[in-house]
Amino acid sequence: MTLTVEHLKNALIYDPDTGKFVWNTRPSRAVKAGDVAGCVEKRIGYVTIGIKGRIYKAHRLAWLYVYGQWPKGLIDHINGDKADNRIANLRDVFADGNSQNVRKPNSRNKSGFMGVIWFQNKWRASMSVNGKSKWLGDYNTPEEAHQVYLEAKRKYHVACTI
């Protein structure tokens, strides 16, 4: 059974200015009405809340609570903080828009900068645009290459908020 906005509002109270949920009812013996709901999942960084035996991500619940419907796509945290569930920090985007807002290089990146690799004795800036690799230039320092990458990211990735 899908969680409805009515059931959500019966169970929880959401503060859109803080992004926090508190229990409206007593869901268990260990928890009482007024207690903060949810916890940050260390592995993924999102706040999750268990309701009626099912785990939900708090940012998706916030969207349902405020707009009365589940998001059509993914919920992106505009400032990059996965635990900041203020409604002003959330937007409904599709997967490509969500990935355009990534703020940290992946774990295999050896330069320490997004969009930058060491290539033929220079620091190369490149990115993907519409599924195709785009070369942005070769530079003497990784910082220079990263700055060019950020400028291009803002130009070509419309969902980017960096």
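Which residue in the hairpin of β1 and β2 takes a positive phi? Select the 4 residues between the two strands: G19 is the one, with phi near 80 degrees.

The model is predicted, so local features need pLDDT of at least 70 and side-chain atom pairs count only at pLDDT 80 or more, while totals for chains, interfaces and linings use all residues. Residues are numbered from 1 along each chain as its sequence is written, and side-chain values use heavy atoms, with hydrogens and water left out.

**Whole chain**

Colour the chain by secondary structure. It has 4 helices and 10 strands; helices (H or I, at least four residues) and strands (E, at least two) are DSSP runs, numbered from the N terminus. From the N terminus on, the order is α-β-β-β-β-β-α-β-β-α-β-β-β-α. Of the 162 residues, 36% count as buried, where buried means under 20% relative accessible area, exposed over 50% and partly exposed in between (1.4 Å probe, protein chains only). Switch on the surface: the accessible area is about 10,200 Å², and 52% of it belongs to carbon and sulfur atoms. Areas come from the Shrake-Rupley method with a 1.4 Å probe, and for residues only the protein chains shown count as cover. Among contacts with a separation of 6 or more, residues 24 or more positions apart account for 38%; contact means heavy atoms within 4.5 Å.

**The β1-β2 hairpin**

Select β1 (12-15) and β2 (20-23). They pair in the antiparallel sense over 4 bridges; two strands pair if DSSP finds at least two bridges between them. Two of the matches to display are I13 with V22 and Y14 with F21.

Now show side chains. In a regular strand the side chains alternate between the two faces of the sheet. On β1, L12 and Y14 make the covered face, and I13 and D15 the uncovered one. On β2, F21 and W23 point to one face and are buried, whereas K20 and V22 point to the other and are not.

**A11, in the helix before β1**

Step back to A11, which lies in helix α1. A11 is buried, with a relative accessible area of 7%. Leaving aside residues up to four places away in sequence, A11 touches V22, W23, N24 and T25. Draw a C-alpha to C-alpha distance from A11 to N24: the two are 13 residues apart in sequence and 5.2 Å apart in space.

**The largest core**

A nonpolar core is a set of buried Ala, Val, Leu, Ile, Met, Phe, Trp, Tyr and Cys residues joined through side-chain atoms within 4.5 Å. Select L8, L12, F21, I49, I51 and L61, the residues that touch the most other members of the largest core, which has 22 residues. At least two residues of this core come from each of α1 (5-11), β1, β2, β4 (47-51) and α2 (58-67). Which element gives the most? Helix α2 does, with 6 residues.

Centre on L12. Not counting residues up to four places away in sequence, L12 touches F21, V22, W23, N24, A37, I49, I51, L61 and Y65. Apart from this core lies another, of 11 residues, among them M127, V129, Y149 and L150.

**Aromatic rings**

A search of the whole structure finds 6 aromatic pairs. Rings of Phe, Tyr and Trp (its six-membered ring) pair if their centres lie within 6.5 Å; planes under 30 degrees apart count as stacked, over 60 as edge-to-face and the rest as tilted. Select F21 and Y65: this pair is edge-to-face, 6.2 Å centre to centre with 80 degrees between the planes. F21 is in strand β2 and Y65 in helix α2, so the pair ties together parts that are 44 residues apart in sequence. Both are buried. Add Y14 to the selection to see one aromatic cluster of Y14, F21 and Y65.

**The β3-β4-β5 sheet**

Last, select the open sheet of 3 strands, ordered β3-β4-β5 with antiparallel pairing. β3 (39-40) and β5 (54-57) stand at the edges with a single partner strand each, so one side of each has no neighbour in the sheet. Antiparallel strands β4 and β5 are joined by 4 bridges, and G50 stands opposite I55 in β5. Helix α2 lies across β4 and β5 and runs at about 80 degrees to β5. Axes here are lines fitted to C-alpha atoms, for helices over the stretch in contact, and angles run from 0 to 180 degrees between N-to-C directions.
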